[in-house]
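Visitor: Before the model is shown, please set each term against its cut-off as we go. I would like to see how the labels are earned.

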Amino acid sequence: MKPDAIDWSQLPFGYLPLPTRYEARYIDGAWQERGLVQEAEIVLSESAAVFQYAQTCFEGLKAYATADGQVVIFRPELNAQRMIDTCRRLVMPEITVEMFIKGVELVIRDNAAYVPPYGSGAQLYLRPFLMGSSPVLGVRPADEYIFRVFGTPVGPYFKGGIKPITLAVSEYDRAAPHGTGHVKGGLNYAMSLYPGYMAKQKGYAENVYLDALTNTKVEETGGANIFFITNDGKFVTPKSPTILPSVTRRSLVTVAADYLGMVVEEREVLLSELSDFAECGLCGTAAVVTPVGAIDNHGTWINFPSGMESPGAICNQLYDTLTGIQMGRISAPAGWIHRVI
Ligand SMILES: *Cc1c(COP(=O)(O)O)cnc(C)c1O
């Protein structure tokens, strides 16, 4: 699709192949860079480790067109480091931070016409991913790997812009203690498809998962971290070793404390205390800051005072400040903004 045929304001959160992508291959114990390539398809052995045992991981970040005509990415070192942490857990060769950022930059620059314009509400989403590409039969890691970065222009993840959504407390577990909840491996998403599908069938936007050990503490949703605002204006977000360490959540902690002057608490959050909070929201690269109006705990509803009609005042401030920093309207903490164009 040619860029001038795209209606930026109507873009879904979906895949649209761009002209080029970045690729590196790990062969004989070393990374070999192929640089930008044209093929969107990858041909692999039917017995590749990614197909048989889901040896694959990914990252997600966005390129933003700023008010003054630049194109920037947001804290990409944190995504690169998280992918390295995931690689270790899945016995995959580690990429380097440099290779990761170079791949992202090359894809953005070579596909610059596909960066949605400032103010359109859309961004260029970058999807770096890594997979075991050589054949295995017994359960073991692959010998060869492919690292790719592709880009695709996207609109909002949750339809309807910044409008409150409803969540359902899931009866399923997302992450076991000492499991893989803290890494971005494909395996965590395969097992979330069924509970996610069931939640959407019943009209919820997403599931919220509890800790698998005690089923009393709120963890996160299938693809976004969660936070709460207390009646006296504190920012509260769950602390748990089985939560995916969201770059957005780690940034909102700073935005809340340093930009909005809020008290921040990173602590265990009990399901039983949710009805005490004034506001609730999801956060992630795709979700940005999505207000949550209500949570259904198996028939008992938690209705946040901010309601279903419009976002709570603090969710709004968090959204405006974070996106203001990302799009250059508000000055960023040192090192947060990485200029690409
Ligand atoms: C990717 C992801 C997030 C969001 O992380 P960001 O770095 O903010 O994009 C949150 N939870 C899960 C389970 C995720 O996979």
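**Contacts, pockets and a cavity**

Visitor: What makes the pair formed by A224 and the ligand a polar contact?
Guide: A backbone N or O atom of A224 lies 3.4 Å from a nitrogen atom of the ligand. A polar contact is a pair of N or O atoms within 3.5 Å, so this pair qualifies. The model is predicted: local features need pLDDT of at least 70 and side-chain atom pairs pLDDT 80 or more, while totals for chains, interfaces and linings use all residues. Residues are numbered from 1 along each chain as its sequence is written, and side-chain values use heavy atoms, without hydrogens or water.

Visitor: Which side chains place a polar atom by an oxygen atom of the ligand?
Guide: For K184 the distance is 2.7 Å, and for Y189 it is 2.3 Å. On its own the ligand exposes 390 Å², of which the protein buries 96%; the areas come from the Shrake-Rupley method with a 1.4 Å probe.

Visitor: How many residues surround the ligand, and what classes are they?
Guide: The shell has 15 residues, with K184, Y189, S246, T248 and T285 the closest. Each counts because one of its heavy atoms lies within 4 Å of the ligand. Four are nonpolar, seven polar and four charged; Gly counts as polar, Tyr as nonpolar, and charged means Asp, Glu, Lys or Arg.

Visitor: Where does the ligand sit, and how do you know?
Guide: The ligand sits in the largest pocket, a statement that requires more than half of its atoms to lie within 2 Å of the grid points. A pocket is an open set on a 1 Å grid over the protein atoms alone, with protein on both sides within 12 Å along at least five of seven lines; lining residues have an atom within 4 Å of a point.

Visitor: What is the volume of the largest pocket, and what lines it?
Guide: The volume is about 650 Å³, meaning the space filled by probe spheres set on the points. Of 33 lining residues, Y157, K184, Y189, G222 and G223 are the closest to the centre. They divide into 15 nonpolar, eleven polar and seven charged. α5 (193-201) gives the most, with four residues; helices are DSSP runs (H or I) of at least four residues, and strands (E) of at least two.

Visitor: What lines the second largest pocket?
Guide: This pocket has a volume of about 400 Å³, and its 28 lining residues include G121, Q123, P156, V288 and Y319, the closest to its centre. β4, β15 (288-297) and α7 give two or more residues each, with the largest share, four residues, from β4. By class the lining has 17 nonpolar, nine polar and two charged residues.

Visitor: Why is a space called a cavity rather than a pocket?
Guide: In a cavity a 1.4 Å probe fits but cannot get out, whereas a pocket is open. The search finds one cavity of 30 Å³ or more. About 110 Å³ lies in the largest cavity, where Y64, F74, T248, T285 and Q326 are the closest to the centre among 13 lining residues. β4 (61-65), α6 (247-259) and α7 (313-326) each supply at least two of them, and β4 gives the most, three.

Note on methods: A polar contact is a pair of N or O atoms within 3.5 Å; within protein, one must be able to donate a hydrogen and the other to accept it, and residues adjacent in sequence count only if both atoms are side-chain atoms.
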